[in-house]
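Biologist: I would like to test some labels against their cut-offs. Show me the model, please, and let us go through it step by step.

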Amino acid sequence: MNVIHVITGLSIGGAERALYNLLQGGLTENFDNYVISLSSIGTIGALIESLGVPVIALDMPVGKLTLTGVIKLHRTIHKLQPDLIQGWMYHGNLAATFSRFLISNKTALVWNVRQSLYQIENEKWLTQLVIRATRFLSKSPDTILYNSHLSRQQHEQFGFYANNGQVIPNGIDLERFCFSDIERQRVRAELDIQPDVLIVGHVARLHPMKDHPLFLNSAIDLGLRHNNVHFMLIGRDVTFDNKNLEKQISTTLTNRFHLLGERGDVAALMSSMDIFCQSSWSEAFPNVLGEAVSAKLPCVATDVGDSALILGDCGVIVKPRDKIALTAGIESLLILSANERQLFGERARKRIKENYALGAI
């Protein structure tokens, strides 16, 4: 059975990583998979190729169609004759619908919606057009997959067809995201952080909805009150080279902030942390939160998407865009003993194992 995944792009991101996780987690055992990226191969595309899954890059600019790209898509679809075409994200879903039109209505079509929809006005104007177009076409797919219950609810309220909707949450790789004392020591030695220092971690690409300013403001307040706390931020463009980020950090605290940018060893970096924080004002199913919980980290998360469902009673949920609430939430975990945080983390990992293990997903 030939399955084609059509995705907007393959740079590092939640949807891209979720596709890779599924392919390496067992999907390739039952199906012949092919991945079509509307843009470039990117970092995740190279990882997918290492699994033996062919990746075809159409090399179109992000959010734009080109004649060359459309011709290449047409040729690829006719050559592979897929039994199922699965779109990933709005642009990928639209392209997947067009792809099935090129070949046959007998080919199964699945959409994969990977984000929440609090307000369409928050999206770029071109993305708004694509969302409205997919709403109009939402009876076309045999199934619309959502990775969170809130995402399904929001999209159906917006007008997406409801009778073909289904929720499948993201799967977490429990073997990859697990605590390692060896990695904890290695990372802390690399960053020259002493064993008794507490590290509050944050993993997200630089994007307004991730609300880095909120986290930084809370971190500065906490840093002024707790001398033994450092803050580790990981994600694309999250470096001291970014002057907008740098100027938000007090010069007296600079040596306690570690802005590491995009890294391929996030699982190891999580082992070096003591607490994890998600500060977003918009999410669907935040992969990184599930991964942090799987790594036995006590977590504080804003109440967006399915974050509260992921954590259950195994974490701290606070209102988004509320610095006082976020600061208090992080501090409530900082003042716990090391043993209390460890028990907290172990209980949380058990919850992930029972509900979101990659194999089951």
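Biologist: How do you know that Lys-243 and Glu-246 are about one turn of the helix apart?
Modeller: Both residues lie in helix 9, which covers residues 243-246. They are three residues apart, about one turn of the helix. Keep in mind that this is a predicted model.

Biologist: What makes the pair Lys-243 and Glu-246 a salt bridge?
Modeller: The closest N and O atoms are 3.3 Å apart. The cut-off is within 4 Å, so the pair counts as a salt bridge.

Biologist: Why is Lys-243 called exposed?
Modeller: Its relative accessibility is 54%. Exposed means over 50%, so Lys-243 gets that label. Glu-246 has 33%, which is in between 20% and 50%, so Glu-246 is called partly exposed.

Biologist: What makes Glu-183 and Arg-186 a salt bridge?
Modeller: Their side chains meet at 2.7 Å, N to O. That is within 4 Å, so the label holds. The two are three residues apart in helix 7, about one helical turn. Glu-183 is partly exposed at 25%, and Arg-186 is partly exposed at 37%.

Biologist: Which residues are linked with them in a network of salt bridges?
Modeller: The network links Glu-183 and Arg-186 with Glu-190, Arg-263 and Asp-265.

Biologist: How do you know that Arg-184 forms a salt bridge with Asp-274?
Modeller: The closest N and O atoms are 2.9 Å apart. Again, that is within 4 Å, so the pair qualifies. Arg-184 lies in helix 7 and Asp-274 in the loop between helix 10 and strand 11, so the pair ties together parts that are 90 residues apart in sequence. Both Arg-184 and Asp-274 are buried. In total, the structure holds 16 salt bridges.

Biologist: Why is Thr-76 called buried?
Modeller: Its relative accessibility is 12%. Buried means under 20%, so Thr-76 passes. Thr-76 sits in helix 3. Leaving out residues up to four places away in sequence, Thr-76 touches Ile-36 and Ile-56.

Biologist: What makes Asp-59 exposed?
Modeller: Its relative accessible area is 55%. That is over 50%, so exposed is the right word. Asp-59 lies in the loop between strand 3 and helix 3. Asp-59 has a positive phi of about 55 degrees, although it is not a glycine.

Biologist: How do you know that Asp-192 is exposed?
Modeller: Its relative accessible area is 61%. The bar is over 50%, so Asp-192 clears it. Asp-192 lies in the loop between helix 7 and strand 8.

Terms used. Residues numbered from 1 in each chain as written. Predicted model: local features only at pLDDT ≥ 70, side-chain atom pairs only at ≥ 80, totals over all residues. Heavy atoms only, no water. Helix = DSSP H or I, 4+ residues; strand = E, 2+ residues; numbered from the N terminus. Buried < 20%, exposed > 50% of the residue type's maximum accessible area, 1.4 Å probe, protein only. Contact = heavy atoms within 4.5 Å.
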